[in-house]
Amino acid sequence: MNPHEPSDQLSAYADGELPAGELAAVEAHLGACPPCREALAGLREVKSALAAAPTRPMPPALIAALEADHARRLEAAPRFAWLWPRLWIPAGALAGALALATLWVGLSSRLASEDELPLEPLVAAHSRYAAETLVPQSVPAASNGYLQLAYFRPDEP
Amino acid sequence: MRHDAEKDPADAFREFIRLHGEKAYNFALRLAGSDADARDLVQEAFARAFEHRDRYDASRPFDAWLCRILHNIYLDGVRRQEHKLNVSLDAPVPEDAGSWEEAIAGRDEDPSEQAVRRESQALMQRALESLPLQYRAAVMLCDVDGLSYEQIGEIMSCPAGTVRSRIHQGRVLLKKAFERQVKRGVR
């Protein structure tokens, strides 16, 4: 670190974003360099001044405009989207089910004999069903038309 | 981000605005510098968010995604106009640039303290508006919105190292611009 020129390390230090590998060196330098300590103090003043800046509430007219825009968007959205049932399935459970189905296929292929029922077609059909039917879809929410990630089966009520 | 499908659509969206609108509006205000432009930015951002909702990663904070959209819209506008948003330090404070001037007064402040604070905030705002966009946005996202370098990088589509550099340079320039205004006694 150049002691004669405040570097972005000082800002990163003030923000708590300095990587561990740089932290010790910067702290050691600050301990021995009054100009850099002064520069750091100046950066912290700017940071504090901005952090203290008040926020402004949303103007009521803007809220009304956003609501009107949204109502128009919902009117224009495809009608059938509202009829899609949604079945929320945790992604982990789905992944687990697929993994188990895959494992089952592998075990079945090893244990199958002439006297055993042919499981492969059943497992394959289940895997196809899970992969093709229980799929992640980004669909507009039925009620607010917004940002919803859902797993669904179209044939379920 | 999920919403109860059984809620009234208008109520659900109103709640959505309550959760995310103010942060978006204030970020737009600091980017654009005027209330009218900020409103246009926010309306456009909400429209784009709805249009591209399938691209939203629900595991990430929605505010950051919306800020990224706002930032991109503003950047596109600046590029189209082929100029940077610069405010002359000698120009009078615009009437509608008072987002910080109109701050709610502290309960314990006397009128003279309030006046000094408002003036200081106005000078800081003008100094902020004089910064080039990449520095202004980086500093605001860090110091006003409290985002991490990684989050800022996602919004501004640049690496964390670039964010760090822009934040530092932005603060240095901001401090100099503010001090110049104070010395000149600009009002």
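This is a short tour of a predicted model, with stops at a pocket and at a helix of chain B.

Begin by selecting B:A64, B:W65, B:R68, B:I69 and B:E154, which lie nearest the centre of the largest pocket, and then widen the selection until it takes in the 15 residues that line this pocket. The space inside the largest pocket comes to about 410 Å³, and its lining divides into 6 nonpolar, 3 polar and 6 charged residues.

Next, colour α3 (62–81) and α6 (149–156) of chain B, since each of these helices supplies at least two residues of the lining of the largest pocket. The largest share of that lining, 5 residues, comes from α3(B).

Now move to helix α5 of chain B by selecting residues 133–144, a run of 12 residues that reaches 15 Å from its first C-alpha to its last, close to the 16 Å expected at 1.5 Å a residue. Is this helix mostly covered or mostly uncovered? With 10 of its 12 residues buried, α5(B) is mostly covered, and the buried set, shown as sticks, includes B:L133, B:R136, B:M140, B:C142, B:D143 and B:V144.

Keep those sticks on display and bring in what surrounds them: the buried residues of α5(B) pack against α3 (34–51) of chain A, and also against α1 (9–32), α3, α4 (111–129), α6 and α7 (160–184) of chain B. Two of these partners, α3 and α6 of chain B, are the helices already coloured for the lining of the largest pocket.

Finally, step just past the end of α5(B) to B:G146, where the backbone takes a positive phi of about 65°.

How values were computed: Residues numbered from 1 in each chain as written. Chains lettered and ligands numbered in written order. Predicted model: local features only at pLDDT ≥ 70, side-chain atom pairs only at ≥ 80, totals over all residues. Heavy atoms only, no water. 1 Å grid on protein atoms, 1.4 Å probe; cavity = no way out; pocket = protein on both sides within 12 Å on 5 of 7 lines; lining within 4 Å. Points joined across faces, edges and corners; volume = space filled by probe spheres on them. Helix = DSSP H or I, 4+ residues; strand = E, 2+ residues; numbered from the N terminus. Nonpolar A, V, L, I, M, F, W, Y, C, P; charged D, E, K, R; others polar. Expected span 1.5 Å × (residues − 1). Buried < 20%, exposed > 50% of the residue type's maximum accessible area, 1.4 Å probe, protein only. Contact = heavy atoms within 4.5 Å.
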